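Here are my notes after going through the model, in the order I'd raise them over coffee. Have the structure open while you read.

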Amino acid sequence: MRKFTTNSREETIELGEKIVKALPKDVKVILLDGNLSAGKTTITKGIAKALGVKGIVNSPTFTILKTYPGDVTLYHLDLYRLNEVGNDFDLEDYINDEDGFTVIEWPYQVNQLLPDRYVELKLTFINEDTREIEVHSHHINDEWEANIWNIY
Ligand SMILES: Nc1ncnc2c1ncn2[C@@H]1O[C@H](COP(=O)(O)OP(=O)(O)OP(=O)(O)O)[C@@H](O)[C@H]1O
Ligand SMILES: [Mg+2]
């Protein structure tokens with residue numbers, strides 16, 4: 001586990017970009033944990049940048065899924081309202097796409113569908129401009145985490 005502090009929206013975007021660039025290439029899923037305004041959508045903008053996504057990433061709050069073409073396709077899932085949609089939603093289709101990358105906000109109601117290996121980012125609101133961001137590797141050797149802030 002590594003803990004970072006960012007002091008602006010831009011720093012959080014940069015951290016998201018660096019995390020993806022440092023990540024082992026076969027890891028394709030990032031879970032985001034954090035309250036409203038913690039910065040989940042903001043860090044997703046940085047993740048998208050690292051994947052070569054050109055479109056503007058917004059919160060998918062009123063849709064479950066937004067797909068962004070890039071060098072790698074970004075699937076941005078917000079499962080906050082999943083129970084209104086029902087459980088015939090095929091999360092596996094996105095998670096198992098070898099050529100895609102999946103970011104999941106509010107992932108915990110689909111625990112049984114999550115892949116074995118993923119990175120979890122825990123974002124905490126400290127004050128208006130400051131966020132604390134923990135990087136947790138699940139079933140992944142966490143040595144890559146030491147390189148995050150050295151990547152350009
Ligand atoms: N250090 C920081 N990192 C990220 N966002 C910051 C930071 N400082 C200020 N902000 C602001 O905080 C807000 C974070 O909003 P964001 O939409 O990313 O949160 P969220 O976790 O996705 O919330 P929601 O659950 O409502 O979708 C943005 O308005 C952003 O400009
Ligand atoms: Mg959001």
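1. I'd begin with the hairpin: S3 (65-68) connects to S4 (73-78) by way of 4 residues. This is a predicted model, so read everything below in that light. The two strands run antiparallel, with 4 bridges between them. If you want a pair to click on, Lys66 sits opposite His76 of S4.

2. S4 has another partner as well. Its pairing with S5 (100-105) is parallel and takes in 6 bridges. Leu74 is a handy marker here, with Phe101 as its bridge partner in S5. Is S4 mostly covered or not? Mostly covered: 5 of its 6 residues are buried.

3. On to the core. The largest nonpolar one counts 32 residues, and Leu74 is among those with the most contacts inside it, along with Ile30, Leu32, Ile47, Leu51 and Leu121. Elements giving two or more residues to this core include H1, S2, H2, S4 and S5, and also H4, S6 and S7. As background, nonpolar side chains in soluble globular proteins tend to be buried together.

4. Ile30 is worth a closer look. Which residues does Ile30 contact, once neighbours within four places in sequence are set aside? The list is Ile47, Val103, Tyr118, Val119 and Leu121. Two of these names, Ile47 and Leu121, also appear among the core residues with the most contacts.

5. Now the ligand. Ligand 1 has 19 residues around it, the closest being Thr12, Gly39, Lys40, Thr41 and Thr42. By class, that shell breaks down into 12 polar, 5 charged and 2 nonpolar residues. H1 (9-22), H2 (40-50) and S7 (130-138) each put at least two residues into the shell. H1, H2 and S7 also each give two or more residues to the nonpolar core.

6. Two residues to check for backbone geometry. Trp106, in the loop between S5 and S6, has a positive phi of about 55° without being a glycine. Trp106 counts as partly exposed because it has 18 C-beta neighbours inside 10 Å. His139, in the segment after S7, is also not a glycine and has a positive phi, near 55°. His139 has 9 C-beta neighbours inside 10 Å, so it counts as exposed.

7. Last, Asn58, which lies in the loop between H2 and S3. Why is Asn58 classed as exposed? Because 11 other C-beta atoms lie within 10 Å, and the cut-off for exposed is 12 or fewer. C-alpha to C-alpha, Asn58 is 8.7 Å from Thr44, with the two 14 residues apart in sequence.

Notes: Residues are numbered from 1 along each chain as its sequence is written. Chains are lettered from A and ligands numbered from 1 in the order in which they are written. This is a predicted model: local features need pLDDT of at least 70, side-chain atom pairs count only at pLDDT 80 or more; totals for chains, interfaces and linings use all residues. A residue is near a molecule or strand if its C-beta atom, placed from the backbone, lies within 6 Å of it. Ala, Val, Leu, Ile, Met, Phe, Trp, Tyr, Cys and Pro count as nonpolar, Asp, Glu, Lys and Arg as charged, and the others, Gly among them, as polar. A nonpolar core is a set of buried Ala, Val, Leu, Ile, Met, Phe, Trp, Tyr and Cys residues joined through C-beta atoms within 7 Å. A residue is buried if 20 or more other C-beta atoms lie within 10 Å of its own, exposed if 12 or fewer, and partly exposed in between; C-beta atoms are placed from the backbone. Two residues are in contact if their C-beta atoms, placed from the backbone, lie within 7 Å. Two strands pair if DSSP finds at least two bridges between them.
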